[in-house]
Amino acid sequence: MKILTTALGVMLLTVGLSPLSQATTRDRDNLSTQLLPQSYPIEYAINIPAEENVNYDTYYNNRFEYVVRYPEDLLNQQPPPQNNDGRSFVSPQGSINMTVSGSHNVPQRSLNEVYQNQLQAYQEAGRVTYKTQQDNWFVISGYQDGNVFYTKTFLYNNDILELRLNYDRSLQPEFDAIVSQISNSFMPVGDYQW
């Protein structure tokens, strides 16, 4: 287990659980503050265990029927929103934020339209370093203001399902393997192997 102590930023969710895919062209002026959290310097210590020592719990959303595994020793599940579209998970120090959410695909956009909209918004807000699009999902990742952002989005049964992670870039060497596990576990229930 490695202990990191450094001056980093507390990450604040500025959009709640509303999905990024609902952003329109007129919203883009504000997306740099909506897509990625703001940073405020603090001193903190965070323990990130080796990936093989991480304990995962499973969150299941019954409204949009998706599932994700999250590191229960690193992230605390926050109270559900009133509409039960998803959940936020935050590290005690505030340096890691994860949000999962679902929304109805109105007005019936294709996966490519959702992907292009989010890609443009992320490129305007930060630096995209990785992107891929598959049959029913895509991933966009990169950096902004010393933070790593990672989003995985599914179009499934005409719903948009999103996983968003934001964490301090200094945590990346230890946390990226955990992000991979989280991302691989995030999927519609119909695709999940129980």
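**Exercise 1. Locate N157 and describe its backbone and exposure.**

Solution. N157 is found in the loop between β10 (147-156) and β11 (159-168). The model is a predicted one. The phi angle of N157 is positive, about 50°, although the residue is not a glycine. For exposure, the cut-off is over 50% relative accessible area. N157 has 65% relative accessibility and therefore counts as exposed.

**Exercise 2. Describe the backbone features of the loop between β7 and α2, taking P107 and Q108 in turn.**

Solution. Step one: P107 lies in the loop that runs between β7 (96-104) and α2. The peptide bond joining V106 and P107 is cis, with omega about 20°. Step two: Q108 is found in the loop between β7 and α2 as well. Q108 is not a glycine, yet its phi is positive, about 55°. Step three: the relative accessibility of Q108 is 55%, so this residue counts as exposed.

**Exercise 3. Check the length of helix α2 and list its buried residues.**

Solution. Helix α2 covers residues 111-125, which is 15 residues. The expected span is 1.5 Å times one less than the number of residues. For α2 this gives 21 Å, and the end C-alpha atoms are 21 Å apart, so the two values agree. Next, the burial. The buried residues in α2 are L111, V114, Y115, N117, Q118, L119, A121, Y122 and A125. In reading such a list, it helps that an α-helix has 3.6 residues a turn, so residues three or four places apart point the same way.

**Exercise 4. How many aromatic pairs does the structure hold, and what is the geometry of the pair Y59 and F89?**

Solution. The structure holds eight aromatic pairs. In the pair of Y59 and F89, the ring centres are 5.9 Å apart and the planes make an angle of 75°. Planes over 60 degrees apart count as edge-to-face, and this pair is edge-to-face. Y59 belongs to strand β3 (residues 56-61) and F89 to strand β6 (residues 86-90), so the pair ties together parts that are 30 residues apart in sequence. Y59 is buried, at a relative accessible area of 4%. F89 is also buried, at 0%.

**Exercise 5. Classify the ring pair Y115 and F138, and place it in the fold.**

Solution. The centres of the two rings are 5.0 Å apart and the planes stand at 70°, so the pair of Y115 and F138 is edge-to-face. Y115 is in helix α2 and F138 in strand β9 (residues 137-144), so the pair ties together parts that are 23 residues apart in sequence. Both Y115 and F138 are buried.

**Exercise 6. Which residues form the aromatic cluster, and which charged residues lie over rings?**

Solution. One aromatic cluster is formed by Y59, Y66, Y70, F89, F154 and F186. As for charges, the charged end of K152 sits over the ring of W137, at 4.8 Å from the ring centre. R169 lies over the face of Y143, 3.5 Å from the centre of that ring.

**Exercise 7. Summarise the protein as a whole: elements, burial, contacts and surface.**

Solution. The protein has three helices and twelve strands. Of its 194 residues, 51% are buried. Among contacts between residues at least 6 apart in sequence, 60% join residues at least 24 apart. The accessible surface comes to about 9200 Å², and 45% of this belongs to carbon and sulfur atoms.

Technical notes: Residues numbered from 1 in each chain as written. Predicted model: local features only at pLDDT ≥ 70, side-chain atom pairs only at ≥ 80, totals over all residues. Heavy atoms only, no water. Helix = DSSP H or I, 4+ residues; strand = E, 2+ residues; numbered from the N terminus. Buried < 20%, exposed > 50% of the residue type's maximum accessible area, 1.4 Å probe, protein only. Phe/Tyr/Trp six-rings, centres within 6.5 Å; stacked < 30°, edge-to-face > 60°. Lys NZ or Arg CZ within 6 Å of the ring centre and 35° of its normal. Contact = heavy atoms within 4.5 Å. Areas by Shrake-Rupley, 256 points an atom, 1.4 Å probe, with all protein chains shown as cover.
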